[in-house]
Amino acid sequence: MDILPRICRGEVCFAIGMSEPNSGSDLFAAKTKATKTDGGWLINGTKIWTSSAHIADYMIAIFRTSPSTKENRRHGLTQFLVRHENAGHQGQSDRPDHRQFEFNEVVFTDALMPDDHVLGEIDGAWKQATSRARL
């Protein structure tokens, strides 16, 4: 109720947090962990190649909430809505003047995400991402 109208008015900017160090583009190798705690989830780990994270108001990110299984590497991933102030940001520029950040590294250290920032089902991010929306 709060965010969608602001998106429509162009008042918020989003980044996408998927890639991680040492996993390249293999999303199923995600190690950034979300651990259930009182009042939400504690996030620990790093997202890389996160374009515009330094100016984004929010990030849509996938974190590991349960271990994957040998039979199903897709299991255990959950989508979260991350407010900018919940994450540490470290920009890395590929320009000598360092004014334009092309890539960002976002580091989470005991970042608390409230329960209402979980998008969809716990451990169901892959199913959500690959299913067709029904109107």
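Here is a short chat about the aromatic pairs, nonpolar cores and largest pocket of this predicted model.

Me: Why are Trp41 and Phe80 called an aromatic pair that is edge-to-face?
Reply: Their ring centres are 5.8 Å apart, with 75° between the planes. Rings pair if their centres lie within 6.5 Å, and planes over 60 degrees apart count as edge-to-face, so both tests are passed. The structure holds five aromatic pairs, and this is one of them.

Me: What makes you say that this pair links distant parts of the chain?
Reply: Trp41 sits in strand β3 (residues 40-47) and Phe80 in strand β5 (residues 77-83), with their positions 39 residues apart in the numbering. Both Trp41 and Phe80 are buried, that is, under 20% relative accessible area.

Me: How do you know that Phe63 and Phe108 form an aromatic pair, and of which kind?
Reply: Here the distance is 5.3 Å centre to centre and the angle between the planes is 80°. The limits are 6.5 Å for pairing and over 60 degrees for edge-to-face, so this is an edge-to-face pair too. Phe63 belongs to strand β4 (residues 58-64) and Phe108 to strand β7 (residues 103-114), 45 residues apart. Phe63 and Phe108 are buried.

Me: Which residues form one aromatic cluster?
Reply: Trp41, Phe63, Phe80 and Phe108 do. These four are also among the residues with the most contacts inside the largest nonpolar core, along with Ile43, Val82 and Met113.

Me: What makes the largest nonpolar core a core?
Reply: The name applies because its residues are buried, of nonpolar kinds such as Phe, Trp and Met, and joined through side-chain atoms within 4.5 Å. This core has 16 residues. Strands β3, β4, β5 and β7 each give two or more, and β7 gives the most, with four. Another core, of six residues, lies apart from it and includes Ala30, Ile62, Leu77 and Ala125. As background, nonpolar side chains tend to be buried together in soluble globular proteins.

Me: Why is Trp41 said to be in contact with Ile122?
Reply: Contact means heavy atoms within 4.5 Å, so the two residues have atoms inside that limit. Beyond its neighbours within four places in sequence, Trp41 also touches Ala34, Thr65, Leu112 and Val118, among others.

Me: What lines the largest pocket?
Reply: This pocket has about 260 Å³ of space and 13 lining residues, with Ile3, Leu4, Phe14, Leu81 and Leu119 nearest its centre. The lining divides into nine nonpolar, one polar and three charged residues. Its largest share, three residues, comes from α1.

Conventions. Residues numbered from 1 in each chain as written. Predicted model: local features only at pLDDT ≥ 70, side-chain atom pairs only at ≥ 80, totals over all residues. Heavy atoms only, no water. Phe/Tyr/Trp six-rings, centres within 6.5 Å; stacked < 30°, edge-to-face > 60°. Buried < 20%, exposed > 50% of the residue type's maximum accessible area, 1.4 Å probe, protein only. 1 Å grid on protein atoms, 1.4 Å probe; cavity = no way out; pocket = protein on both sides within 12 Å on 5 of 7 lines; lining within 4 Å. Points joined across faces, edges and corners; volume = space filled by probe spheres on them. Nonpolar A, V, L, I, M, F, W, Y, C, P; charged D, E, K, R; others polar.
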